[in-house]
Amino acid sequence: MVYRFYVQSEQIIDGRILISGVDVNHIKNVLRMKLGETLIICDGKGMDYHCEIISLGKEEIWVKEISHSLTDTELPVKITLFQGIPKKDKMELIIQKTVELGVTEVVPVTMKRCVAKLEDEKKERKKRERWQMIAEAAAKQSRRGILPIVKPSMTYIQALERAKKMNMVLIPYEHELGMKHTKEVFQKMVSLIDAKKDSSVSPFSNLPNISIGIFIGPEGGFELEEIETARKAGAEIISLGKRILRTETAGLSVFSILMYELECNIEK
């Protein structure tokens, strides 16, 4: 197994790459890697560098590039998860699994039925640091070419305003009926990608860089008023079937369908 780590672009200098921070301890004392061993360094922007360790210092490690290549694990779209803030540690599970499935960024959103609150800026910052660490660990495990970002929280209206700039917005809602419409929405999404294959090329593949937003409600679901506001803003309201899904299940269901449809479209 070749281990994977992420660095900033400025840490890549003339064929050599600097590793610092907590990864130094992990490489030296947990993995017990030695000089001459190989690993993969990712710049978080879709480029993988296959490297050899040339220096093991106390606070920094230097590696030498052997070769580099575009990561082939990314979906051809940017996907933003607008997640209604759930209770307890559910957000950790949601971030971990959606990163594995291909999310680009996660935005915690305050909705009317949210029970959990991010009390103040300091507590939110600490939670976001924890969530970002989980996102990075999941990215390493699933060999992602980018490092997904957990954004600061925002209100539902702010989230809808941000989503207006995206190519498509999906909102699964438990009272929406008809899987036929859901199927049509996903087919529409695939057609949108096909129509733009020759423009806005993604750095991760030869397919376009299209943005999709997915809104998931908190434990109590969406208020009808929130759904109607989103519908007027152009969001596609879809059904995920006849069963009521938990907030941590609904997002994973949408992402699984998305990944399947997009991966199949790539292989056509």
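What share of the 268 residues of the protein counts as buried? The figure is 45%. Good morning. I should state at the outset that this is a predicted model.

Let me begin with the overall architecture. The protein contains 7 helices and 13 strands. Its radius of gyration is 20 Å, close to the 18 Å that the globule rule gives for 268 residues, so the protein is as compact as a globular protein of that length. The C-alpha trace spans about 60 × 45 × 30 Å along its principal axes. As for contacts between residues at least 6 apart in sequence, 72% of them join residues at least 24 apart.

I turn next to the sheet. Here 6 strands form an open sheet with mixed pairing, and their order is β1-β4-β5-β6-β3-β2. At its edges are β1 and β2, each of which pairs on one side only.

Let us follow this order through its later members. Strand β5, residues 47–56, pairs with β6 in the antiparallel sense over 9 bridges. One point of reference here is Leu-56, whose bridge partner in β6 is Ile-61. Strand β6, residues 60–70, also pairs with β3, again in the antiparallel sense, over 5 bridges. In that pairing, Leu-18 has Trp-62 of β6 as its bridge partner.

At the edge, β2, residues 12–13, pairs with β3 in the antiparallel sense over 2 bridges. Ile-13 has Arg-16 of β3 as its bridge partner. These two strands form a hairpin with 2 residues between them, and Asp-14 in the turn has a positive phi of about 50°.

The remaining topic is the largest pocket. Its volume is about 660 Å³. Its lining comprises 24 residues, and those nearest the centre are Phe-5, Val-22, Asp-23, Glu-136 and Lys-140.

Which elements each supply at least two residues of this lining? They are β1 (4–6), β3 (16–20), α1 (22–30) and α3 (121–141). The largest share comes from α3, with 6 residues. Strand β3 thus appears in both parts of this account: it pairs with β6 in the sheet, and it supplies at least two residues to the lining of the pocket. The edge strand β1 is likewise among the contributors to that lining.

In composition, the lining divides into 12 nonpolar, 7 polar and 5 charged residues. For those considering this pocket computationally, that division can be read alongside the volume of about 660 Å³ and the share supplied by α3.

Thank you for your attention.

Terms used: Residues numbered from 1 in each chain as written. Predicted model: local features only at pLDDT ≥ 70, side-chain atom pairs only at ≥ 80, totals over all residues. Heavy atoms only, no water. 1 Å grid on protein atoms, 1.4 Å probe; cavity = no way out; pocket = protein on both sides within 12 Å on 5 of 7 lines; lining within 4 Å. Points joined across faces, edges and corners; volume = space filled by probe spheres on them. Helix = DSSP H or I, 4+ residues; strand = E, 2+ residues; numbered from the N terminus. Nonpolar A, V, L, I, M, F, W, Y, C, P; charged D, E, K, R; others polar. Pairing = 2+ DSSP bridges. Rg over C-alpha atoms; globule rule 2.2 N^0.38 Å. Buried < 20%, exposed > 50% of the residue type's maximum accessible area, 1.4 Å probe, protein only. Contact = heavy atoms within 4.5 Å.
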